[in-house]
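Biologist: I am new to reading models of this kind, and I would like a close look at one part, explained slowly. Could you take me through a helix and its surroundings, and then through a few single residues elsewhere in the chain?

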Amino acid sequence: MRTVDIAIVGGGIAGILAARKLRENGRDVLVLDKSKSVGGRLATRRIDAGRADHGAQFFTVRTEMFQQLVDEWEEHGWVTRWFGEKHARYKSTAGMNQLVKHLAKEVPVQLTSKVEHVGREGDMYIIVSEEGESVKASTVLLTLPAPQALQLLETSNVQVADHARKSLSHITFDPAIVGLVTLDGEASTGLPPSGHQDEGLPEGIERIVDSYAKGISSERIMSIYANTELSKALYSEEDDVILSKMMKRVSHLINADRVQSSQLKRWRYAQASNVHHAPTLRVSDQESIWVAGDAFLRSDDKSGRTRIESAVLSGLAAASNILDLSR
């Protein structure tokens, strides 16, 4: 059984940046994630010779702390400005997932490891995966979506304070559906030169992105996002039915005769409809277990929206709290 100082459940950008900060301060950490790759909703899918982002398409900057990080990433060539003169939208130069992979290069990560239970053994926690593997740690940080974090806590042998349970229960998410449509090389679209459009679209469609025009793919792959209402209405239907209904709505932009292939991605926890107005949460005074993520917003955050920046600031805040408590 591996023993570390801090086990982090969730390999999105919040968990990875928390791990980086903890390691920089001499802590032994391990990130566990159920997926085959780090990134969470900074997701990029390879389709034949192309690739397409199908989670977050870009990020914006509202705070000086985040701007300093983004400037470093830009110097490394990991991100660049995409569009927006007054309020820049940044993209990862090789797909959004690649940014998190760069950040995770020096971070110990255990993939395809879905945590199903957290127990106590004296002053240590035993984190058990669905695959039967165990990790021992003195502190646990949960950065998976709050509903999943609460479900894990409720089925684990730890004490969750009433206020923490209430706060986690208050956080809710809306789903999102994304169609990924590959067009032949001769296809053209009515999108702007940036390849991104989120205005003047048919009812039910939130945005459309051309990965070729975005500069991350050699193939023209369209990411078509249903809005919250349509995503809720279609979420449980078959993939082919959903794709057909979405394509009919965008037929004036995408010629069905040019479609070579299509597939669907469902995000159950896409955008928080209710957030927590603090960057992190300790589950109780008796436990060294913290929860963080994009739905945990700083008290001075006036946007009220989950986004990449809120995930970053939350992960860093959790790392700071863990360090302060262990000094």
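Modeller: What follows begins with one helix, goes on to the helices around it, and ends with some single residues. Please keep in mind throughout that this is a predicted model.

Let us begin with helix 2, which runs over residues 64-76. Its 13 residues, at 1.5 Å a residue, should span 18 Å, and because the C-alpha atoms at its ends are 19 Å apart, the expected and the computed lengths agree. Within this helix, Phe66, Leu69, Val70 and Trp73 are buried. When one looks down the axis of helix 2, these buried residues fall within an arc of 100°, and therefore they line one face of the helix. The face turned away from that buried side carries Glu64 and Glu75, which are exposed. What, then, covers the buried residues of helix 2? The cover includes two helices with residues 13-24 and 308-326, namely helix 1 and helix 9, together with helix 3 (96-103), strand 5 (79-83) and strand 6 (89-92). Just after helix 2 comes glycine 77, whose phi is positive, at about 85°.

Helix 1, one of the elements that cover helix 2, deserves a look of its own. It has twelve residues and reaches 16 Å from its first C-alpha to its last, which is close to the 16 Å expected at 1.5 Å a residue. The buried residues in helix 1 are Ile13, Ala14, Gly15, Ile16, Leu17, Ala18, Ala19 and Leu22. Just after helix 1, glycine 26 takes a positive phi of about 85°.

The next step is to see how two helices meet. Two packed helices are described by the angle between their axes and by the distance between those axes. For helix 1 and helix 9 the angle is about 35°, and the axes are 8 Å apart. Their crossing is right-handed. On the side of helix 1, the contact is made by Ile13, Ala14, Leu17, Ala18, Lys21 and Leu22, while helix 9 contributes Ile308, Ala311, Val312, Gly315, Leu316, Ala319, Ser320, Ile322 and Leu323. Sorted by character, the residues of this contact divide into twelve nonpolar, two polar and one charged. Several of the helix 1 residues in the contact, among them Ile13, Leu17 and Leu22, are also buried.

Helix 5, at residues 162-170, can be read in the manner used for helix 2. Here Ala164, Ser167 and Leu168 are buried. They cover an arc of only 95° around the axis, which puts them on the same side of helix 5. Asp162 and Lys166 are exposed, and they sit on the face turned away from the buried side. What covers the buried residues of helix 5 includes helix 4 (146-154), strand 16 (281-282) and strand 17 (289-291).

Now for single residues, starting with two that are buried. Alanine 52 is placed in strand 4, which holds residues 50-53. Because its relative accessibility is 0%, alanine 52 counts as buried, the limit being under 20%. Among the residues that alanine 52 touches, leaving aside those up to four places away in sequence, are Ala43, Leu180 and Ile216. Isoleucine 216 is 164 residues from alanine 52 in sequence, yet their C-alpha atoms are 7.3 Å apart in space. Serine 129, found in strand 9 (residues 124-129), is buried as well, with a relative accessible area of 2%. Leaving aside residues up to four places away in sequence, serine 129 touches Ser113, Lys114, Val115 and Glu116.

Two loop residues are worth noticing for their backbone. Most residues other than glycine have a negative phi. Aspartate 48, in the loop between strand 3 (44-47) and strand 4, nevertheless has a positive phi near 55°. Because its relative accessibility is 72%, aspartate 48 counts as exposed. Threonine 112 lies in the loop between strand 7 and strand 8 (115-121), and its phi is also positive, at about 45°, although it is not a glycine. Threonine 112 is partly exposed, with a relative accessible area of 43%.

Finally, glutamate 106 belongs to the loop between helix 3 and strand 7 (109-110). At 59% relative accessibility, glutamate 106 counts as exposed. Between glutamate 106 and aspartate 71 there are 20 Å from C-alpha to C-alpha, and the two are 35 residues apart in sequence.

Note on methods: Residues are numbered from 1 along each chain as its sequence is written. This is a predicted model: local features need pLDDT of at least 70, side-chain atom pairs count only at pLDDT 80 or more; totals for chains, interfaces and linings use all residues. Side-chain values use heavy atoms; hydrogens and water are left out. Helices (H or I, at least four residues) and strands (E, at least two) are DSSP runs, numbered from the N terminus. The expected span of a helix is 1.5 Å times one less than its number of residues. Buried means under 20% relative accessible area, exposed over 50%, partly exposed in between (1.4 Å probe, protein chains only). The arc is that of the directions from the helix axis to the C-beta atoms. Contact means heavy atoms within 4.5 Å. Axes are lines fitted to C-alpha atoms, for helices over the stretch in contact, and angles run from 0 to 180 degrees between N-to-C directions. A crossing is left-handed if the near helix is turned anticlockwise from the far one by less than a right angle, and right-handed if clockwise. Ala, Val, Leu, Ile, Met, Phe, Trp, Tyr, Cys and Pro count as nonpolar, Asp, Glu, Lys and Arg as charged, and the others, Gly among them, as polar.
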